Amino acid sequence: MSRRLILPTVDAPAVVAEAKRLLARRVTHPGRRAFLQRTLTLGGVAMISGCSLTEDDHVETALAAVSRWNDRAQAALLDPTRLAPTCDESMVVRPFPFNAHYPEAEVRQVNGATWRLELSGRVSQPSRWTLADLNAMPQQTQITRHICVEGWSAIGKWSGVPFAHVLKAAGADLSAKYVAFQCDDGYHTSIDMATALHPQTQLSLRCDGEVLSPRHGYPLKLRMPTKLGYKNPKHIRAIVVTNTYPGGYWEDQGYHWFGGS
Ligand SMILES: Nc1nc2c(c(=O)[nH]1)N[C@H]1C(S)=C(S)[C@@H](COP(=O)(O)O)O[C@H]1N2
Ligand SMILES: [Mo]
């Protein structure tokens, strides 16, 4: 399925008015409402009310539009220690929705036995991890909301290795600007180092307690509750630490690079 870029024609004042109306209904604490109205980004909303947004809430689509021209505001919001809301197990959506730049019938079937995760670039120990290597590393679980700019969101449960652990294990230059991801299906994306080191940024090996299914990126996806869906690469095969701006599949076509949620 091909998608058009949904954002350039958006009427910004109308979007903001709609978002404020929704927020006024939802956020009852006056201090919080004032904060949201000052920092009206998708990031601000998801950070504060990520679990209470409903699956079909227009505010998500609307605020995705706002986020495009709010890069600096979002960077300021992303205090590296600030955590995205975590949700209750009862809110997990099953089955978790699928999305990609192709139909589900074309999902990649990756052979986990021969698969290796390559880590290169600004690292003192370029690495080729096996699935067993990654499974032997410390694991964490998070239940968080994934927000796609195409207008849907869903709460999922992901388990895997904190990404900071993997970067440190490879001796990555943690002062480098970017971390880039190349995927088996030709997808690619990249993130800033602060997000790479965020405690909820996870190399996910499991979804809802089961080994990742092919549709969700077997054998490995990067899960970041502080970033929009398109920044969460599935089927990762190579990671590069770099100071050269790497762009991304959707980012190169106009999607916001920071892409915070
Ligand atoms: N390799 C790869 N990763 C990808 C994509 C893709 O097409 N290929 N699509 C992105 C988008 S736009 C979304 S919303 C999520 C969807 O993840 P899900 O299928 O687990 O819901 O994957 C992201 N990561
Ligand atoms: Mo998406």
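Here are legends for a few close-up views of this predicted model.

**View 1. Who sits around ligand 1?**
Look at the shell of residues here: 21 of them surround ligand 1. The closest are Pro97, His101, Asp185, Asn232 and Lys234. Sorted by class, the shell holds 10 nonpolar, 6 polar and 5 charged residues.

**View 2. Polar contacts to the oxygen atoms of ligand 1.**
Now let's pick out some atom pairs. Lys234 brings in an N or O atom of its side chain, 2.6 Å from an oxygen atom of ligand 1. Pro97 takes part through its backbone instead, with an N or O atom that lies 2.7 Å from an oxygen atom of the ligand. His101 uses a polar side-chain atom, and the distance to an oxygen atom of ligand 1 is 2.9 Å. How much of ligand 1 does the protein bury? On its own, ligand 1 would expose 530 Å², and the protein buries 99% of that.

**View 3. The largest cavity, where ligand 1 sits.**
Rolling a probe the size of a water molecule over the atoms is a handy way to see where empty space is left. Across the whole structure, the search turns up 4 cavities of 30 Å³ or more. Which of them does ligand 1 take up? The space taken by ligand 1 is the largest one. That cavity holds about 310 Å³ of space. Its lining is made of 25 residues, and Asn99, Ala100, Gly229, Asn232 and Lys234 lie nearest the centre. By class, the lining counts 14 nonpolar, 6 polar and 5 charged residues. You've met Asn232 and Lys234 already, as they are also among the residues closest to ligand 1.

**View 4. Two cis peptide bonds, each leading into a proline.**
Most peptide bonds are trans, but here are some that aren't. Arg94 and Pro95 are joined by a cis bond, with omega at about -5°. To find Pro95, follow the loop between helix 5 (71-77) and strand 1 (117-121). Tyr218 and Pro219 share a cis bond too, this time with omega near 5°. Pro219 is in the loop between strand 8 (210-211) and strand 9 (221-223).

**View 5. Asp208 and its positive phi.**
Most residues other than glycine have a negative phi. What is phi for Asp208? Its phi is positive, at about 55°, even though Asp208 is not a glycine. You'll find Asp208 in the loop between strand 7 (202-207) and strand 8.

Definitions and conventions: Residues are numbered from 1 along each chain as its sequence is written. Chains are lettered from A and ligands numbered from 1 in the order in which they are written. This is a predicted model: local features need pLDDT of at least 70, side-chain atom pairs count only at pLDDT 80 or more; totals for chains, interfaces and linings use all residues. Side-chain values use heavy atoms; hydrogens and water are left out. A residue is near a molecule or strand if one of its heavy atoms lies within 4 Å of it. A polar contact is a pair of N or O atoms within 3.5 Å; within protein, one must be able to donate a hydrogen and the other to accept it, and residues adjacent in sequence count only if both atoms are side-chain atoms. Accessible areas come from the Shrake-Rupley method with a 1.4 Å probe; for residues, only the protein chains shown count as cover. On a 1 Å grid over the protein atoms alone, a cavity is a set of points where a 1.4 Å probe fits but cannot get out, and a pocket is an open set with protein on both sides within 12 Å along at least five of seven lines; lining residues have an atom within 4 Å of a point. A molecule sits in a cavity or pocket if more than half of its atoms lie within 2 Å of its grid points. Ala, Val, Leu, Ile, Met, Phe, Trp, Tyr, Cys and Pro count as nonpolar, Asp, Glu, Lys and Arg as charged, and the others, Gly among them, as polar. Grid points are joined across faces, edges and corners, and a volume is the space filled by probe spheres set on the points. Helices (H or I, at least four residues) and strands (E, at least two) are DSSP runs, numbered from the N terminus.
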